[in-house]
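Please lead me through this structure, beginning with what counts as buried and going on to the sheet, the core and the outlying parts of the chain.

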Amino acid sequence: LEMMLPLLSFAPSKLQNVLKNSISEIRGLTDRLRSQADSLAQKQSDDEKVKLVYLPAFMESFVACKSQEFANQDVDIDFKNISQSKTIFIQCSTLELRCILSNLVNNAIESYVRGVKRVAIELNTDSENAIIAVRD
């Protein structure tokens with residue numbers, strides 16, 4: 001649009017000013033959108049990184065989100081941390097873990113034909129592993 005301004009030199013000055021202001025406004029919107037896109041890309045990049053995750057808190061947050069997702073349906077998602085260990089940390093990509101768990105929970109819910117759909121999620125540990133069980 002800016003390149004077309006010289007072509008409009010014959011236009012009234014009011015029209016030229018309106019176009020200049022519009023171009024300026026569009027540039028500002030573009031800059032803000034670009035900034036938001038960069039911020040979102042950074043957040044997604046952070047989620048994709050393998051990092052140390054406190055699994056009980058992650059699981060509680062995940063179950064709360066999935067429960068909210070199915071709030072208007074007959075779905076009951078129950079989470080229990082039955083591990084004796086209270087310090088369950090794992091190295092993972094939270095994005096990948098969230099996708100895997102979401103797929104398991106969605107499949108469990110889809111397995112029901114009618115009635116209340118109950119999904120139980122348990123977190124447990126053995127000497128070297130964290131174990132997440134999803135049951136329908």
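A residue is called buried here when its relative accessible area is under 20%, exposed when it is over 50%, and partly exposed in between. The model is a predicted one, and every value that follows is computed from it. With that cut-off in hand, Lys66 can be placed: its relative accessibility is 4%, so it counts as buried. Lys66 belongs to helix α2, and, leaving out residues up to four places away in sequence, it touches Ile77, Ser102, Val105 and Asn106.

The sheet is a convenient frame for the rest of the description. It is an open sheet of 3 strands, arranged in the order β2-β4-β5 and with mixed pairing. Because β2 and β5 (130-135) each have a single partner strand, they stand at the edges, and one side of each is left without a neighbour in the sheet. Ignoring direction, neighbouring strands of this sheet are turned against each other by 15° on average. In general, the strands of a sheet pair through backbone hydrogen bonds, in either the parallel or the antiparallel sense.

Both senses can be followed here in turn. The pairing of β2 with β4 is parallel and runs over 7 bridges, and within it Val75 has Lys117 of β4 as its bridge partner. Helix α2 packs on the sheet, where it touches β2, β4 and β5, and its direction makes about 175° with that of β2. The pairing of β4 with β5, by contrast, is antiparallel and runs over 6 bridges; here Leu123 stands opposite Ile132 in β5, and a hairpin of 4 residues joins the two strands, β4 to β5.

What lies in the nonpolar interior? In soluble globular proteins, nonpolar side chains tend to be buried together. The largest nonpolar core of this model has 21 residues, of which Leu55, Phe58, Met59, Ile77, Leu97, Ile109 and Ile121 touch the most other members. Two or more residues of this core come from each of α2 (55-69), β2 (75-81), β3, α3 (94-110) and β4 (117-125). Ile121 may serve as an example of how such a residue is surrounded: setting aside its neighbours within four places in sequence, it is in contact with Met59, Phe62, Val63, Ile77, Asp78, Phe79, Lys80, Val105, Ile132, Ala133 and Val134. Ile77, one of the contacts of Ile121, is also among the residues that Lys66 touches, and Val105 likewise appears in the contacts of Ile121 and in those of Lys66.

Aromatic pairing gives another kind of link. A search of the whole structure finds 1 aromatic pair. Its members are Tyr54 and Phe89, whose ring centres are 5.1 Å apart and whose planes meet at 45°, so the pair is classed as tilted. The pair links distant parts of the chain, since Tyr54 lies in strand β1 (residues 50-54) and Phe89 in strand β3 (residues 89-93), 35 residues apart. Tyr54 has a relative accessibility of 36% and therefore counts as partly exposed, and Phe89, with a relative accessible area of 47%, is partly exposed as well.

How many disulfides does the structure hold? There are 0. Cys65 takes part in no disulfide, and the nearest cysteine sulfur to its own, that of Cys99, is 13 Å away. Cys65 is exposed, with a relative accessible area of 52%. Cys99 is in no disulfide either, the nearest cysteine sulfur being that of Cys92, 12 Å away, and at 48% relative accessibility Cys99 counts as partly exposed.

There remains the segment before α1 (13-48), in which Pro12 is found. Pro12 counts as exposed, at 54% relative accessibility, and its C-alpha atom is separated by 58 Å from that of Ala71, which is 59 residues apart from it along the chain. Leu8 is found in the segment before α1 too, and it is partly exposed, with a relative accessible area of 27%. Once its neighbours within four places in sequence are left aside, Leu8 is in contact with Gln16 and Leu19. Leu8 and Phe58 are 50 residues apart in sequence, and from C-alpha to C-alpha they are 58 Å apart in space; Phe58 is one of the core residues that touch the most other members.

Note on methods:
Residues are numbered from 1 along each chain as its sequence is written. This is a predicted model: local features need pLDDT of at least 70, side-chain atom pairs count only at pLDDT 80 or more; totals for chains, interfaces and linings use all residues. Side-chain values use heavy atoms; hydrogens and water are left out. Rings of Phe, Tyr and Trp (its six-membered ring) pair if their centres lie within 6.5 Å; planes under 30 degrees apart count as stacked, over 60 as edge-to-face and the rest as tilted. Buried means under 20% relative accessible area, exposed over 50%, partly exposed in between (1.4 Å probe, protein chains only). A disulfide is a pair of cysteine sulfur atoms within 2.5 Å. A nonpolar core is a set of buried Ala, Val, Leu, Ile, Met, Phe, Trp, Tyr and Cys residues joined through side-chain atoms within 4.5 Å. Contact means heavy atoms within 4.5 Å. Two strands pair if DSSP finds at least two bridges between them. Axes are lines fitted to C-alpha atoms, for helices over the stretch in contact, and angles run from 0 to 180 degrees between N-to-C directions.
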